[in-house]
Amino acid sequence: MNRFASLFAVLAVLCVAAPAAAQRSLDFAPYAVPTEGAVAVTVRQGAPLEGAFAEVDRASNGALQRAVAAAGFLGDRGVVLNLPGVGPYQQVVLVGVGNDAPSARLLEDVGGLVGQWGVLSAVPRIELLWPDASLPAAGAHLALGASLGQYTFRAYRNAKPGAPVLGQGALVLRVADADASRRAWDADWSAVAEGVRFSRDLVTEPANTIYPESFVERTRAAFAGVANVSIEVLDVPAMQKLGMNSILAVGQGSARPPRLLVVRYRGGARDEAPVAFVGKGITFDTGGISLKDPANLWRMKYDMTGAASVTGTVLALAKRRAPVNAIAVAALAENMPSGTAGRPGDVIRTMSGKTYEVMSTDAEGRMVLVDALWFVQERDRPRVVVDVATLTGSQVTALGDEYAGLFSRDEALAADLLAAGAASGEEVWRLPLHPSYAKDLESPIADLRNGGSTGGAGASVGAFFIGSWIQEGVAWAHLDVASMAWRDAPVLPTVPLGATGYGVRLLDRYVRDHVEAAAAR
């Protein structure tokens, strides 16, 4: 990440200051080098005069190469050089790709960097040149990166009078296989971009806009008209009837009642057991009676990232018509202190009948998840369950903003998620679920406690607590994404500042490479 730092620190400031603007449309065209306008060109390390770089240099009578030499640009991966007024061109943007071989990840990063630059440019049309024909449907991966890189959320910002209009117009991807790239984008990868952007929108919205009921309505709107999808919503009476006292205990202090949202997509065989993704959906987390420190408390609107990501994942699967059965479960509640709020020391009987003693009302994520996990296991009998949660500060301390924490007792599932993380760019690092953590969760009056008594290994203890509700024979993994859900500077090629939508690309890639691939064999 260090190689991006200096560039992205500057870009981060510019993104914050940019006025509200619509985003650029994406289009595909056969590879050709324009003789004017604005172009984006990739450059290998050492800036050899070759490919599109050489062609644009010829069109500028050598002005491009002279500018590159004067700037000391070497084509290091992730470094961008923006050159206005080069020969006949309004702008030439050079994107360094290092010495790495072409790959989907590289293409997505290139597209993301050009997309980010396009947000800050007033030119009406940008043409990204990629002549390499070695990767099929290369333009679709460039488009995915561009869509994610140019993401901005400006719903509540008013444009300043007389400010320049930035980031509007078109981004045209000039590639060797334009028709194949367009088909792949329309049928497949655009859905992934939509799932990520849906998740980012939900997480970015303030908690006075997104709360359990409005989360449900946003989801209904997103899935309207999508084939093979059904939506089930459990309100408070329905959860009371099922004995879901754990999620109810978290939400009882808020004027916004909790909800359990279940989105089922049936794209596979009728008798095929589904893959279930379960997300923590705390739409705002004060810590409840165990009140949080007020520093950065505003960010606790992001505590529903897990719910947003699993819902965005199933939106992507359904819109690209993946040949699988998949379920998203969003455990939605607002954790507030009040006269009706739950207390430390309370004992909760969950839907499964298992009880726990509340050590902290700020350990609410695991509280909503256990009822949601038990519900989907009882109702849908999934073959795989993955839960996603901004669960612990310990995960942040352990892994920083490079990896999410992966916990699993299933070796095959863990290996598949590690591979999907590497392929998607949303990487995970496996952390332990040692049997000794059971001792930390012992309670003198209930089956267990909702937090460890020693204060150590917080991420693992939290995962161990959640795993206590997984039924025998179910492949399960827990993803603690606390450090990955919200991005501060420096930005990454496909991840601007703010909500990341982390998890959608990871889980889509897991389904794509391991669930769909296994069914096809």
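**Exercise 1.** How do the residues of the lining of the largest pocket divide into nonpolar, polar and charged?

*Solution.* Work on the predicted model. Start with the space itself: the largest pocket has a volume of about 690 Å³. Next, collect its lining, which comprises 35 residues. K292, L391, T392, G393 and S394 are the ones nearest the centre. Then look up the elements that give two or more residues to this lining: strand 9 (275–285), helix 11 (364–380), helix 12 (393–399), helix 15 (458–467) and strand 18 (486–487). Finally, sort the lining by class. The result is 10 nonpolar, 14 polar and 11 charged.

**Exercise 2.** Find the edge strands of the six-stranded open sheet.

*Solution.* Write down the strand order: 1-6-5-2-4-3, with mixed pairing. Read off the ends. Strand 1 (25–30) and strand 3 (80–86) each have a single partner strand, so one side of each lacks a neighbour in the sheet. Add the twist: neighbouring strands are turned by 25° against each other on average, direction ignored. Now check one inner pair. Strand 2 (residues 37–44) runs parallel to strand 4 (residues 89–98), with eight bridges between them. In strand 4, Q91 is the bridge partner of A38.

**Exercise 3.** Compare the span of helix 10 with the expected value, then assess its burial.

*Solution.* Count the residues: helix 10 (residues 305–319) has 15. From first C-alpha to last, helix 10 reaches 21 Å, close to the 21 Å expected at 1.5 Å a residue. Apply the burial cut-off, under 20% relative accessible area. By this test, 14 of the 15 residues of helix 10 are buried. Last, step past the end: just after helix 10, R321 takes a positive phi of about 55°.

How values were computed. Residues are numbered from 1 along each chain as its sequence is written. This is a predicted model: local features need pLDDT of at least 70, side-chain atom pairs count only at pLDDT 80 or more; totals for chains, interfaces and linings use all residues. Side-chain values use heavy atoms; hydrogens and water are left out. Helices (H or I, at least four residues) and strands (E, at least two) are DSSP runs, numbered from the N terminus. The expected span of a helix is 1.5 Å times one less than its number of residues. Buried means under 20% relative accessible area, exposed over 50%, partly exposed in between (1.4 Å probe, protein chains only). On a 1 Å grid over the protein atoms alone, a cavity is a set of points where a 1.4 Å probe fits but cannot get out, and a pocket is an open set with protein on both sides within 12 Å along at least five of seven lines; lining residues have an atom within 4 Å of a point. Grid points are joined across faces, edges and corners, and a volume is the space filled by probe spheres set on the points. Ala, Val, Leu, Ile, Met, Phe, Trp, Tyr, Cys and Pro count as nonpolar, Asp, Glu, Lys and Arg as charged, and the others, Gly among them, as polar. Two strands pair if DSSP finds at least two bridges between them. Axes are lines fitted to C-alpha atoms, for helices over the stretch in contact, and angles run from 0 to 180 degrees between N-to-C directions.
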